[in-house]
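Here are a few exercises to work through with the model open beside you. Try each one yourself before reading the solution.

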Amino acid sequence: MLTLPASPVTINRSKVERPTAPEQWAPRPRIDARLDQGLARLLTAIVAPAGHGKTTTVVAWLRSRGLDAAWVSVDSRDAMLTRFAAHVATALDRVAPGVVAPLFALLTAPDRLAPRELGEMFGETLYDLDRDAILALDDFHEAGSRAVGAFVEGLLHAAPRRLHLIVITRDPLPFPLARLRTAGEVVELTGADLRFSPEETGALLRFEIGSDVDPDLAASVQALVGGWPAAIRLVGIGLGAGESRQPPDARIARHEQLVLDYLAEEVLVRLPPLHRLLLMGASLLERFNAPLLETLAVVQGGRVGRADLDRLRALELYREIPGLSETWYAFHPLFRDAFRRELERTMDAPAIARLHQGAARRFATTGAILDAARHLVAADDLQAAATLIESRLDDAFAREDWRSIAAWLRIIPQEELRRRPELLLASAWVAYLSGRDSHVAEVQARLRDPAFRDRATDAQRAEIALIAGETDVDPQTWLAKAETAIEHLSPSKRYRLGYARMMAGLALTSMGRAEEALARLAAFTDRESTTIDAASIRGYFGRLLVLWQTGRLARCEQIAADQLQLAQMNRLPISAGWGAAVLGLVAHERGDLACAVRQFEAVIADAERLHFQCVREAFFAQILTYEAGGRRSEADRAVARLREFCLDAETIHQLDLVDSCVARIALLRGDLTTARRWLETSRPTLLRDDLKCIEHPLLTRAKALLAVGAPEGLVEAERLLAEFVNFARATHMTLALLEGLAVQALLHEASGDHAAAERILRESLAMAAPEGIVQRYAYLGAPLAPILRRLLDQHDVGPHARQALRALESVLAAERAAASAADAEAPGLSEHPLTARERQVLNRLALRLTTNEIAQELFISPATVKHHVEHISEKLGVSGRRAIVAHAAELGLLSDEL
């Protein structure tokens, strides 16, 4: 230390030495340009939390510009104004020799001025400067006294324009800036300005590691720490050059402790104990807001006010989540992990559980059931989590929000879920809506288990009977199950009651009592019309399905439009999806393909919220519509998307139906090789549900057998068609029946019985004519054309036959044009494009991840991963992981992510 003769205090040399900047620092032209502006201003204010590289940024800028500066490193002892001002005077003397004596004289005068006036006199003294001078006050927040703030305010008020003050601080400046801002005399930089971009992060890591940096690593580090320069440097210090090519998460996790140490030494130590506890407690939350922090404070025995929350926010350890109606925050990931680890180290399990329970209570009061249940499970309070979910099931089902229910149920461990009938039933409904029929059967078996049966009520058993297995019972039994459910279900179970009413209507229709079904459903709608929810709208939905089944498309279209409007107005996504899908299906049946495609695209775009069967039917009809227009590549892409949709929904069994559709498309294209291959592996059975669908595997098999033309195949086709037509007649499935009859006509034509072919096709057309149904005939191929032409030569055949022939000829012409275009193109992968999900799987195969690791990264099951790999192998024409990756590299398919 050195004591100057005229100094009122001991001067510490280290406080007036300019710090040295790192030899290498990421270029920051945008920040340097802002600091350059300060050379024409009185004040540059750099206000940012710890870790934002404030000091290093200024020192690196001074060095790059070749500038000198009077530097004062402020500490807590500088709260005493005399000590602070003496060091300011000493620092200024280093860049403007000769000013220290008059400044010291001001400090030692017996009638020394008040702080602000003293600062003004300092400023007056500096008017004799013969050149510009920069004065930097680093860590200005450490002084923390009103006197020092007033002194600097006075200095700025009176200083000459040759003086340029740089104040570097963590806290807002303790004096007003309005006058300086108005006069254009201040440059302000905040933490948001100083945070690094991904490019700057990569440059800084490159300096620290000493080698090139994988862009994925730079992006991961930048995202994990929110662009904090200090945290980026700490990660870089912890990384060795040899680690820079390893997976980002594995490289970063090991260096978390360095960040935690920095936070402890530079951030937490300055905070009150409650603030530290709040930050650690908040690390339990994926997102939080002010009320949640207040709840955590109460749990930890304290209270916080607005000023406390503002102080925590100013640390910039977390960011505001954009796009939400309320203000929510989330930690930058690495900070959250660091605080979480510190919480687990310093707090016992019961205390952490209380924090989880407090957060759960708060989330529950705001309706955030997923978050509430997640925290209850984390607190090991499974019973409370299950009870909370059970209390909200009816309301969520009434809103058709099955996706939320699925998310809630995933939180509950399977062993707990299987002990609770109500949760088990909810999982069955979710399985039904998501297309996972096998799980519905599992729940049914569970409820029949003698060890579990006594725990289920009559209503619960009736409910599972309602949902499980309509395909394996006759309509009378089906009706009895629906009516039993209606009798036993609680009025609060709105969705299930509406579903039961709808199923009763369909059962009646299959018994030939369609008018009775429509009357019952209309009466139900009238009774429930005061509230439009998942129950009341099923009065519309039931009528819609009855009319579709019986082929009355005009009325069906009207009901579908009403249902769509009501569902959209009342935010009922499942019903809206079915309304749009049926409008598309009606347009498709009539040959209005452009209208149909618009509806199908709307359904598919909202696929995640809708009933699986609704989306599947929209896909099937869309595929046929594309094919009818000669848009083969679009049809192929739609098939690929449907296959991916089935895989991601964990509905592997639905792929058999997709394969049937592919075979049907192959027949339209004259691709008998694909059709034969499918015939070898398919053995479809006749199910009631199939007759309501666009794709009938049994009917497609009959069509394929007819196309191949082998004698034994024709015998099988005759048997299948008889079974199909008889079942369609018995269950009053009009649309399925008229198509089955048309295929029977083709069978008779192939066997040379032209009279029978004409008679049966005439019967089919008579059912189709009143509703203008033509498109089903358009997909039956060239052999149907001669029968239609012969019928047209007969005077008693109406114009509908000509419309059907016109639709058929349009498809045939489109297929010929598409075939010619395909012949002109070079064969390649474009015929079997990889889907987005398949590319994701492919890129992870290239990283040599295991099946389980790929499943965890993509949030899908290992079985789904295996199916994706099988399809990639098929499309690339190679087998084995190494061959797949090698061939994909040759085709340039790995460039998107690797």
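**Exercise 1.** Find out how strand β1 pairs with strand β4 and strand β5, and which partners Ala45 has.

*Solution.* Start with β4 (residues 163-169): it runs parallel to β1, and five bridges join the two. Strands here are DSSP runs (E, at least two residues), and helices are runs of H or I with at least four residues, numbered from the N terminus. Two strands pair if DSSP finds at least two bridges between them. Next, take β5 (residues 186-190), which also pairs with β1 in the parallel sense, over five bridges. Now zoom in on Ala45: its bridge partner in β4 is Val167, and in β5 it is Glu188.

A quick word on the ground rules: this is a predicted model, where local features need pLDDT of at least 70 and side-chain atom pairs count only at pLDDT 80 or more, while totals for chains, interfaces and linings use all residues. Residues are numbered from 1 along each chain as its sequence is written, and side-chain values use heavy atoms, with hydrogens and water left out.

**Exercise 2.** Explain why β1 is largely enclosed by the rest of the structure.

*Solution.* Look at residues 43-47: four of the five are buried, so β1 is largely enclosed. Buried means under 20% relative accessible area, exposed over 50%, and partly exposed in between (1.4 Å probe, protein chains only).

**Exercise 3.** Work out which residues line the second largest cavity, and of what kind they are.

*Solution.* The second largest cavity has a volume of about 40 Å³. A cavity is a set of points on a 1 Å grid over the protein atoms alone where a 1.4 Å probe fits but cannot get out, and lining residues have an atom within 4 Å of a point. Grid points are joined across faces, edges and corners, and the volume is the space filled by probe spheres set on the points. Its lining includes Thr44, Trp61 and His164. By kind, the lining splits into five nonpolar, three polar and no charged residues.

**Exercise 4.** Describe the surroundings of Arg520 in helix α29.

*Solution.* First, place Arg520: α29 covers residues 514-527. Second, check accessibility: at 36%, Arg520 counts as partly exposed. Third, skip neighbours within four places in sequence, and Arg520 is in contact (heavy atoms within 4.5 Å) with Leu479, Glu483, Leu508 and Arg513. Finally, the Arg520 side chain makes a polar contact with that of Glu483 at 3.2 Å. A polar contact is a pair of N or O atoms within 3.5 Å; within protein, one must be able to donate a hydrogen and the other to accept it, and residues adjacent in sequence count only if both atoms are side-chain atoms.

How values were computed. 1 Å grid on protein atoms, 1.4 Å probe; cavity = no way out; pocket = protein on both sides within 12 Å on 5 of 7 lines; lining within 4 Å. Nonpolar A, V, L, I, M, F, W, Y, C, P; charged D, E, K, R; others polar.
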